[in-house]
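Reader: I would like to go through the labels given to this structure and hear the reasoning behind each one. Please set the values against the criteria as you go.

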Amino acid sequence: MTTIDTDNLFSSGPCRVRPTSWHRQLERRAFAGLHGELVLDLGARSRTIVQQGRLQAATAAGLHAIIESIEAYADGAFHTLVDNHGHPYERVLLESFEPTTPVAHGNAFWCEYTLTWRQMP
């Protein structure tokens, strides 16, 4: 089950966590008389982690409470995300949270969402 800082906000529906690859900042320089180029490695940079899933609750107020709890993590602080397989992603910032469907009602109130996390090296 996916958690953020041990908060179980994503257990109401299925979700998947998809990290992108780490990026390196490279500076390329060329000089007269030099065949090829000089490449300076400026180090590792951040990567994005995309989380998609569904949130649901018995009432509309319950669903909005879950959404507000998730939005509270957009505080600029580092957090720890743990995916469904128990893999931790440390030093993540919540970059964006977007419900991708309107709140719907069936057996429960639900909506699908996309979260974008930024993980720092």
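Author: A charge sits over a ring if CZ of Arg is within 6 Å of the ring centre and within 35 degrees of the ring normal. The model is a predicted one. In it, the charged end of Arg54 sits over the ring of Trp110, 3.8 Å from its centre. That distance meets the limit of 6 Å.

Reader: Which ring does the charged end of Arg91 sit over, and at what distance from its centre?

Author: The ring is that of Phe78, with the charged end of Arg91 4.4 Å from its centre. The limit of 6 Å is met here too.

Reader: Arg54 also has a salt bridge with Glu112. What makes this pair a salt bridge?

Author: The closest N and O atoms of Glu112 and Arg54 are 3.6 Å apart. A salt bridge needs a side-chain nitrogen of Lys or Arg within 4 Å of a carboxyl oxygen of Asp or Glu, so the pair qualifies. Because Glu112 lies in strand 9 and Arg54 in strand 5 (residues 47-57), the pair ties together parts that are 58 residues apart in sequence.

Reader: Why are Glu112 and Arg54 called partly exposed?

Author: Buried means under 20% relative accessible area and exposed means over 50%, with partly exposed in between. Glu112 has a relative accessible area of 32%, so it is partly exposed. Arg54 is at 27%, and therefore counts as partly exposed as well.

Reader: How many salt bridges does a search of the whole structure find?

Author: The search finds five. Among them is the one between Glu95 and Arg118, whose closest N and O atoms are 2.7 Å apart. Glu95 lies in strand 7 and Arg118 in strand 9, so this pair ties together parts that are 23 residues apart in sequence. At 44% relative accessibility Glu95 counts as partly exposed, and Arg118 does so at 22%. Another of the five is formed by Arg29 and Glu27, with the closest N and O atoms 3.3 Å apart. Arg29, at 42%, is partly exposed, and so is Glu27, at 28%.

Reader: Why is the aromatic pair of Phe10 and Tyr113 called stacked?

Author: A pair of aromatic rings is described by the distance of the centres and the angle of the planes. The structure holds two such pairs. For Phe10 and Tyr113 the values are 6.1 Å centre to centre and 25° between the planes. Centres within 6.5 Å make a pair, and planes under 30 degrees apart count as stacked, so both conditions are met. Phe10 lies in the loop between strand 1 (3-4) and strand 2 (15-19) and Tyr113 in strand 9 (residues 109-119), so the pair ties together parts that are 103 residues apart in sequence.

Reader: What makes the pair of Phe97 and Tyr113 tilted?

Author: Phe97 and Tyr113 are 6.1 Å centre to centre, with 40° between the planes. Stacked requires under 30 degrees and edge-to-face over 60, so an angle of 40° falls to the tilted class. Phe97 lies in strand 7 (residues 88-99) and Tyr113 in strand 9, so the pair ties together parts that are 16 residues apart in sequence. Phe97 and Tyr113 are buried, and Phe10 is buried too. Ring pairs link Phe10, Phe97 and Tyr113 into a cluster.

Reader: How do you know that Cys15 and Cys111 form no disulfide?

Author: The sulfur of Cys15 is 13 Å from the closest cysteine sulfur, in Cys111, and a disulfide needs the two sulfur atoms within 2.5 Å; that is too far for a bond. For Cys111, the closest cysteine sulfur is that of Cys15. A search of the whole structure finds zero disulfides.

Reader: Are Cys15 and Cys111 buried or exposed?

Author: Cys15 is at 12% relative accessibility, so it counts as buried. Cys111 is at 1%, and is therefore buried too.

Reader: Where is Leu63, and why is it called buried?

Author: Leu63 is in helix 1 (residues 60-71). Its relative accessibility is 0%, so it falls under the limit of 20% and counts as buried.

Reader: What makes Leu34 eligible for a nonpolar patch on the surface?

Author: Patch residues need over 30% relative accessible area, and Leu34 is at 40%, so it passes that condition and counts as partly exposed. Leu34 is found in the loop between strand 3 (23-29) and strand 4 (38-45). The patch is formed by Phe31, Leu34, Leu38, Leu40 and Leu42, with about 430 Å² of accessible area together.

Conventions: Residues numbered from 1 in each chain as written. Predicted model: local features only at pLDDT ≥ 70, side-chain atom pairs only at ≥ 80, totals over all residues. Heavy atoms only, no water. Patch = residues over 30% accessible without salt bridge, like charges linked within 9 Å, V, L, I, M, F, W, Y side chains within 5 Å. Areas by Shrake-Rupley, 256 points an atom, 1.4 Å probe, with all protein chains shown as cover. Helix = DSSP H or I, 4+ residues; strand = E, 2+ residues; numbered from the N terminus. Buried < 20%, exposed > 50% of the residue type's maximum accessible area, 1.4 Å probe, protein only. Phe/Tyr/Trp six-rings, centres within 6.5 Å; stacked < 30°, edge-to-face > 60°.
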